[in-house]
Amino acid sequence: MIACGATPSQTTTLEQQSPFAYTRVHSQRRHSGVVARVNTVAFQGIDVMDIDVQVQMSGGIVAFTVVGLPDKAVGESRERVRAALHALGLSLPAKRITVNLAPADVVKEGSHFDLPIALGLLTVMGVLPDEEMARYTALGELALDGALTPVAGVLPAAINALAGGRGLICPAACGGEAAWAGEELEVLAPPTLLALINHFKGTQVLTPPKPRLQEDEGAPPDLRDVKGNETAKRALEVAAAGAHNLLMIGPPGSGKSMLAARLPGLLPPLDPAEALEVSMIHSVAGLLEGGKLLRRRPYRDPHHSASLPALVGGGTRAKPGEISLAHMGVLFLDELPEFPRPSLEALRQPLETGRATVARVHAHVTYPARVQLVAAMNPCRCGHLDDPALACARAPKCAADYQSKISGPLFDRIDLHIDVPAVSPADLSLPPPAEGSAEVASRVAVARAIQAERYASATVPNGGRAVRTNADADGELLERVAAPDASGRALLTEAAERMKLSARGYHRVMRVARTLADLEGGQGVRRVHVAEALSYRRIAPGR
Ligand SMILES: Nc1ncnc2c1ncn2[C@@H]1O[C@H](COP(=O)(O)OP(=O)(O)OP(=O)(O)O)[C@@H](O)[C@H]1O
Ligand SMILES: [Mg+2]
C-alpha cells in the first residue's frame, strides 16, 4: 500500500492550473465514495478475458491501492499513472483510492492496465464522463510524461471488444493492429493521455487508424541459388506441397541451411484468416512491429542454446514459444542434435497435436502451434562420416552416438529424411538452374489447392483436428484418401516389415505418397509414389 503524496495545498494549486473541470465535479463527489468502471482485458494464451477495472475514491486514510491479484508490472502502474496525471497538471486527490481488478481470482499481468486505471481515476475525478467509459475496452502503458506506449495483445483485445459491442482505446502505435479487427470497430488510438481527454471533451478529434500490413522486405531467397542437390530440392518441394516435416542430414557446407531458408518462398502466402491467426500470437508476444499484420509465413530458426520455455512457451508470463511463433510457417532447427534433449522431447506433443500447452500455477495456457518442422544435422560430430578421406578415427561409432541424440519418437514425427551430400566443384561451376522458387511454388500451390478441396469435403473425424494438408490427415481419414493401389500396398507392407516401421512411420509413408500423387494432379496413390515416399525414410545408424 502506498500513500498518495498530494497534500491539500498542492491539490488546490494544480486544480487552479488545470484545464479540466475537476474542482467543481470533484467537490460534488467529494464524500460520496464514487466508483468508476473501465473495461480492459487479461490474456490467457491468445484467449481474452474481460476485466472490469473499478476505481473508488473515498474519505479515510490517504492511500492508492491496487487489488485483484496484480503482478509486479500492474502494481507499479500506480507510479506511472500518478506521474502521467501529474504531467497533465493533475494531482491525485488526498483521498483513499482503491483500484479493484475484477474478477479478483485471475492473475493480472502486464503493463496494459495503466491506461484503464488512469481512465478510471480521471472518471472518478470528474475529468472524463462516466457514461463514455462503458462504451470502450481500454489498454495501454503510460510513460511518465503521459505518452501512451505500445503494449502486447492489442489485436485479440480488439477482436474481443468488437464481439462485445464496444470500441477500443489503445496507444497510437498499436492503432494499425487494432483496425484489423473489422471496419465496424471504433478505435481511438491517441498518442498521449491528453489527446484522449481532449477527444472526449471535443477539442481534438482523433482520426481512426488504418489497418497496416508489413512492408514487403524484398523477395525471399530463391531456390535458383542452390546448385546441384537435385534430390534435396525435390524433397523440399514435396515438403512444401504436403506441409511435411523434413530432416536433412549432410556434411558441413553441403547447403542444408541454404535449402531450409528457401522453404518459405515455396509456400503459399497466408490467407487473410491465417494472417489474423498468426498475427494474434505475435501480438500477444509483443512482436507485431509497428502494429503491422504479418503476410509472409513465419520462419523461425532458434539457436540450439534456446531454453525450453523459449522453444515451447512458458516463463513467468507464459509467453508463446518459437513453436507457436512459427504457427502456419516453418520452424527450422539447425544442428538438431545440439539442442538439449528435454527441449526436443518437449516438441513432440505440439508437433503431434498442433497445440503447445504451457503449465502455469493457476491454469494451463494453450497456444496454436501448427508448424512445419525442418531440421538439419551433420551425420556425426566431425560431419564427414561418408567421406573416408575426411572422417575421423571414431567413425562409424561416433555417428551412431551423435544420431542417437534424436529420440526415435521425434525421428518418427518427421515424414521426410534426406541425405544432402556435399556439392561437387563441378556442380558449383554450373550456370544457375533454369527452375527457381516461382516455378516450384506454382506446382506447390496446385497441390495445396487439391488438398484444400479434398479436406474441405472430408466428413471423416480426424481426432478433432481441422485438416488442411496431407500432413494433418490421420487414421481413418488417411486410409480413405491415401490408400495405395494393390501393388503399392504390397510394396508398403513388405518395406514396413523390412525397415521395421512403426505404425506412425507406416502412415507417414502413406501421407508422403499422397502428396507425391497430388503433385501429379491428385489421382490415386500408386506403387511409384509409395516407392519414392519410402526413399525419403532414411534409417539412422544404430537404429
Ligand atoms: N548447393 C549449393 N549451391 C551453391 N552454393 C552452395 C551449395 N551448398 C553450399 N553452398 C555454399 O556453402 C555455404 C554454406 O552452406 P550451408 O550453410 O547451407 O551449409 P550447411 O549444410 O548448413 O553446413 P553446416 O552443416 O556447417 O551447417 C552457402 O552459404 C553457400 O555459399
Ligand atoms: Mg547449417
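Ala-243 sits in the loop between helix 10 (230-242) and strand 10, where helices (H or I, at least four residues) and strands (E, at least two) are DSSP runs numbered from the N terminus. Its phi is positive, about 60°, although Ala-243 is not a glycine. Ala-243 is also buried, with a relative accessible area of 16%; buried means under 20% relative accessible area, exposed over 50% and partly exposed in between, with a 1.4 Å probe and protein chains only.

This is a predicted model, in which local features need pLDDT of at least 70 and side-chain atom pairs count only at pLDDT 80 or more, while totals for chains, interfaces and linings use all residues. Residues are numbered from 1 along each chain as its sequence is written, chains are lettered from A and ligands numbered from 1 in the order in which they are written, and side-chain values use heavy atoms, with hydrogens and water left out.

Two other sites concern backbone geometry. Met-328, in the loop between helix 14 (322-325) and strand 12 (330-333), has a positive phi near 70° and is buried at 8% relative accessible area. A cis peptide bond, with omega about 0°, joins Ala-102 and Pro-103; Pro-103 is in the loop between strand 4 (96-102) and helix 5 (114-124). Most residues other than glycine have a negative phi, and most peptide bonds are trans.

Gln-372 belongs to strand 15 (residues 372-377) and is buried, with a relative accessible area of 4%. Not counting residues up to four places away in sequence, Gln-372 touches residues including Ala-243, His-244, Leu-331 and Arg-448; contact means heavy atoms within 4.5 Å.

Ser-254 lies in the loop between strand 10 (246-249) and helix 11 (256-261) and is buried at 1% relative accessible area. Leaving aside neighbours within four places in sequence, Ser-254 is in contact with Asn-229, Val-420, Pro-421 and Ala-422. The C-alpha atoms of Ser-254 and Pro-421 are 6.0 Å apart, although 167 residues separate them along the chain.

Around ligand 1 there are 16 residues, of which Lys-227, Gly-253, Lys-256, Ser-257 and Asn-378 come nearest; a residue is near a molecule or strand if one of its heavy atoms lies within 4 Å of it. The table lists polar contacts, each a pair of N or O atoms within 3.5 Å; within protein, one must be able to donate a hydrogen and the other to accept it, and residues adjacent in sequence count only if both atoms are side-chain atoms.

| Group | Partner | Distance |
|---|---|---|
| Ser-254 side chain | Pro-251 backbone oxygen | 3.0 Å |
| Ser-254 side chain | Val-420 backbone oxygen | 3.2 Å |
| Gln-372 side chain | Ala-239 backbone oxygen | 2.8 Å |
| Ser-254 backbone | ligand 1 oxygen | 3.2 Å |
| Gly-255 backbone | ligand 1 oxygen | 3.1 Å |
| Lys-256 side chain | ligand 1 oxygen | 2.7 Å |

The second largest pocket is lined by 39 residues, and Ala-243, Arg-370, Thr-469, Ala-471 and Asp-472 lie nearest its centre. On a 1 Å grid over the protein atoms alone, a pocket is an open set of points with protein on both sides within 12 Å along at least five of seven lines, and lining residues have an atom within 4 Å of a point. Helix 22 gives the largest share of this lining, five residues.

Notes:
1 Å grid on protein atoms, 1.4 Å probe; cavity = no way out; pocket = protein on both sides within 12 Å on 5 of 7 lines; lining within 4 Å.
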